Amino acid sequence: MFDFKKRIKRLQKLLEKKNIGNLLIASGVEVNPNVLYYSGDATSPIILWITRDEAKYYGSKEHDWFDSCQELEAYRKEFKKLTRKKIAVDEKANGALAFRLQKKNNVKPFWAELMKLREVKDQQ
């Protein structure tokens with residue numbers, strides 16, 4: 001089994017290094033490989049909200065490697081808290097989410113960084 005908690009911790013260290021407070025990775029109709037890599041979940045829709053010290057999952061399942069797991073609808077309330085904050089997004093996977101965030105926030109594309117981090121193989 002893959003160590004998803006360890007993957008998330010590596011991602012959080014990268015966020016700290018890049019001075020990014022929030023990262024959103026989403027799956028819409030199709031499964032996003034980055035969502036699958038960090039959650040192990042191939043269902044859709046899913047939103048992963050990763051900060052430097054917390055990892056939240058919004059979808060239909062429970063995973064013990066996230067600090068909280070909630071239904072997707074709960075994300076909408078949290079979304080409002082993102083106004084005027086520095087946010088990174090996996091822009092290749094969910095362009096619509098990135099576009100909506102750009103209206104009110106300082107959005108940083110983060111797909112390339114996610115791909116580099118995925119090159120680091122898990123130790124079995």
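Two residues touch, or are in contact, when heavy atoms of one come within 4.5 Å of heavy atoms of the other. With that in hand, a look at this predicted model can start at I46, a residue of strand 2. Leaving aside residues up to four places away in sequence, I46 touches I25, A26, S27, V35, D41, Y57 and Y58. I46 has 0% relative accessibility, and since buried means under 20%, I46 counts as buried. There is also a neighbor from further along: the C-alpha atoms of I46 and G59 are separated by 4.7 Å, although their positions lie 13 residues apart along the chain.

Now for the whole chain. Its secondary structure comes to five helices and six strands, and from the N terminus on the order is α-β-α-β-β-β-α-β-α-β-α. Of the 124 residues, 46% count as buried. Among contacts with a separation of 6 or more, 51% join residues 24 or more positions apart. The chain exposes about 7,400 Å², and carbon and sulfur atoms supply 51% of that area.

Strand 3 is a handy place to see how strands fit together. Strand 2 (residues 46–51) pairs with strand 3 in the antiparallel sense, over four bridges, and the two form a hairpin with three residues between them. Within this pairing, K56 of strand 3 is the bridge partner of W49. Strand 3 also pairs with strand 4 (residues 68–70), here in the parallel sense and over three bridges. In that pairing, Y57 stands opposite C69 of strand 4.

Side chains in a regular strand alternate between the two faces of the sheet. Strand 3 (residues 55–58) shows A55 and Y57 pointing one way and K56 and Y58 the other way, and all are buried.

Next come the nonpolar cores. The largest one has 23 residues, and those with the most contacts inside it are L11, L23, Y38, L48, F66 and F110. Two or more residues each come from helix 1, strand 1, helix 2, strand 2, strand 3 and helix 5 (111–118). Helix 1 gives the largest share of this core, five residues. Apart from this core lies another, of ten residues, among them I47, W49, L72 and V89. Back in the largest core, L48 touches L23, L24, I25, V35, Y38, S39, K56, Y57 and F66, again not counting residues up to four places away in sequence.

W49 has a polar side to its story too. Its side chain makes a polar contact with the side chain of N22, at 2.8 Å. N22 lies in strand 1 and counts as buried because its relative accessibility is 10%, and the cut-off is under 20%.

Two spots in the backbone deserve a closer look. Most residues other than glycine have a negative phi, and most peptide bonds are trans. N19 goes against the first habit: its phi is near 60 degrees, a positive value in a residue other than glycine. N19 is found in the loop between helix 1 (4–17) and strand 1 (22–27). N19 counts as partly exposed because its relative accessibility is 48%. The other spot is the peptide bond from S44 to P45, which is cis, with omega near -5 degrees. P45 is found in the loop between helix 2 (33–39) and strand 2.

How values were computed
Residues numbered from 1 in each chain as written. Predicted model: local features only at pLDDT ≥ 70, side-chain atom pairs only at ≥ 80, totals over all residues. Heavy atoms only, no water. Buried < 20%, exposed > 50% of the residue type's maximum accessible area, 1.4 Å probe, protein only. Pairing = 2+ DSSP bridges. Areas by Shrake-Rupley, 256 points an atom, 1.4 Å probe, with all protein chains shown as cover. Polar contact = N/O pair within 3.5 Å; in protein donor to acceptor, adjacent residues only side chain to side chain. Core = buried A, V, L, I, M, F, W, Y, C linked by side-chain atoms within 4.5 Å.
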